[in-house]
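Open the structure in your viewer and keep the selection tool at hand. The stops below say what to pick next and what is found there.

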Amino acid sequence: MSIRFPLQSDRIRLRPFRDGDRDAVHEVYGDPEVMRHVAHGKPAAAAETAEMVAGYIWHQEEHGYAFWAVEDAATGAVIGDAGFEAREEGAEFGYTLARAWWGRGLATEAGRLCTAAAFGELGLPLLTGVVDPANPASSRVLEKLGFAFSREVEAYGRPHLEYLLRAPSGR
């Protein structure tokens with residue numbers, strides 16, 4: 001499995017994380033407002049962000065995909081992440097964007113780049129996504145990408161809504 005990076009649209013680029021991205025992405029992961037709906041619902045300490053970036057780098061090397069840095073195409077600034085974590089079948093899709101970038105359709109744009117890679121070059125059979133029930137905007141993003149609500153689940157120690165997206169038939 002090999003993806004040619006960057007994955008790019010007119011407004012954003014996705015590429016594997018590098019060690020040097022820790023400070024920029026910590027601006028996102030350390031923001032309580034951003035993180036209230038992500039994973040455990042709490043901002044990350046700087047050391048946790050460093051561990052996450054190291055984990056993304058390892059996951060990319062191990063699986064050929066991971067959560068990737070999302071860059072503003074105009075400036076190259078890291079504004080968040082989007083990508084996948086391996087699951088027993090397929091992968092879990094997710095994204096996190098800095099608050100200043102919300103409401104511009106960039107999560108959907110990043111999701112389109114990710115799903116195209118997942119079902120194209122990566123050949124994944126299934127994507128899941130989990131959403132905090134208090135975050136209907138993320139549910140709408142997944143629905144725009146073609147994900148369908150599956151069930152309520154416990155994830156990251158709290159209730160979430162699970163969505164599924166299967167690879168197009170005929171593959």
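Select Glu-109. This residue is buried, because its relative accessible area is 15% and the cut-off for buried is under 20%. The model is a predicted one, so read each stop as a description of a prediction. Glu-109 belongs to helix α4. Which residues is Glu-109 in contact with, leaving aside its neighbours within four places in sequence? They are Ser-9, Asp-10, Arg-11 and Ile-12.

**Helix α5**

Next, select residues 136-144, which make up helix α5. Four residues here are buried: Ser-138, Ser-139, Val-141 and Leu-142. They sit on the same side of α5, because they cover an arc of only 155° around the axis. To see what this side faces, add β5 (91-97), α4 (106-119), β6 (126-131) and β8 (158-166) to the selection. The buried residues of α5 pack against these four elements.

Stay in α5 and pick Lys-144. Is Lys-144 buried or exposed? Lys-144 is exposed, with a relative accessible area of 56%. Leaving aside neighbours within four places in sequence, Lys-144 is in contact with Thr-108 and Arg-112. Now draw a distance from the C-alpha atom of Lys-144 to that of Arg-13: the two are separated by 20 Å, and they are 131 residues apart along the chain.

After α5 comes Gly-146. The phi of Gly-146 is positive, near 100°.

**The sheet**

Show the strands alone. They include an open sheet of 8 strands with mixed pairing. Trace its order as β1-β2-β3-β4-β5-β6-β8-β7. β1 and β7 stand at the edges with a single partner strand each, so one side of each is left without a neighbour in the sheet.

Three pairs of strands can be looked at in turn.

- Select β3 (residues 67-72) and β4: they pair in the antiparallel sense over 5 bridges. Phe-67 has Gly-83 in β4 as its bridge partner.
- Select β6 and β8: this pairing is antiparallel and runs over 6 bridges. Thr-128 has Leu-164 in β8 as its bridge partner.
- Select β7 (residues 148-155) and β8: their antiparallel pairing runs over 7 bridges. Val-153 has His-160 in β8 as its bridge partner, and Glu-154 stands opposite Pro-159 in β8.

How many residues lie between β7 and β8 in their hairpin? There are 2 residues between these strands. Pick Tyr-156, which is in the loop between β7 and β8. Its phi is near 60°, a positive value in a residue other than glycine. Tyr-156 is partly exposed, with a relative accessible area of 30%.

**Backbone points to check**

Some background helps with this stop. Most residues other than glycine have a negative phi, and most peptide bonds are trans.

Select Ala-39, in the loop between α2 and α3. Like the turn residue just visited, Ala-39 is not a glycine and has a positive phi; for Ala-39 the value is near 50°. Ala-39 is partly exposed, and its relative accessible area is 26%.

Then go to Phe-5 and Pro-6. The peptide bond from Phe-5 to Pro-6 is cis, with omega near 0°. Pro-6 is found in the segment before β1 (7-8).

**The largest pocket**

For the last stop, turn on a surface and select His-37, Val-38, Gly-94, Tyr-95 and Thr-96. Of the 49 residues that line the largest pocket, these lie nearest its centre. The largest pocket holds about 1,200 Å³ of space.

Which elements each supply at least two residues of this lining? Colour α2 (32-35), α3 (46-63), β4 (78-86), β5, α4, β6 and α5 to see them. How does the lining divide by class, and what are the counts? The lining of the largest pocket has the following residues:

| Class | Residues in the lining |
|---|---|
| Nonpolar | 25 |
| Polar | 12 |
| Charged | 12 |

To finish, show α4 and α5 together with this pocket. Both helices supply residues to its lining, and α4 is also among the elements that the buried residues of α5 pack against.

Definitions and conventions: Residues are numbered from 1 along each chain as its sequence is written. This is a predicted model: local features need pLDDT of at least 70, side-chain atom pairs count only at pLDDT 80 or more; totals for chains, interfaces and linings use all residues. Side-chain values use heavy atoms; hydrogens and water are left out. Buried means under 20% relative accessible area, exposed over 50%, partly exposed in between (1.4 Å probe, protein chains only). The arc is that of the directions from the helix axis to the C-beta atoms. Contact means heavy atoms within 4.5 Å. On a 1 Å grid over the protein atoms alone, a cavity is a set of points where a 1.4 Å probe fits but cannot get out, and a pocket is an open set with protein on both sides within 12 Å along at least five of seven lines; lining residues have an atom within 4 Å of a point. Grid points are joined across faces, edges and corners, and a volume is the space filled by probe spheres set on the points. Ala, Val, Leu, Ile, Met, Phe, Trp, Tyr, Cys and Pro count as nonpolar, Asp, Glu, Lys and Arg as charged, and the others, Gly among them, as polar. Two strands pair if DSSP finds at least two bridges between them.
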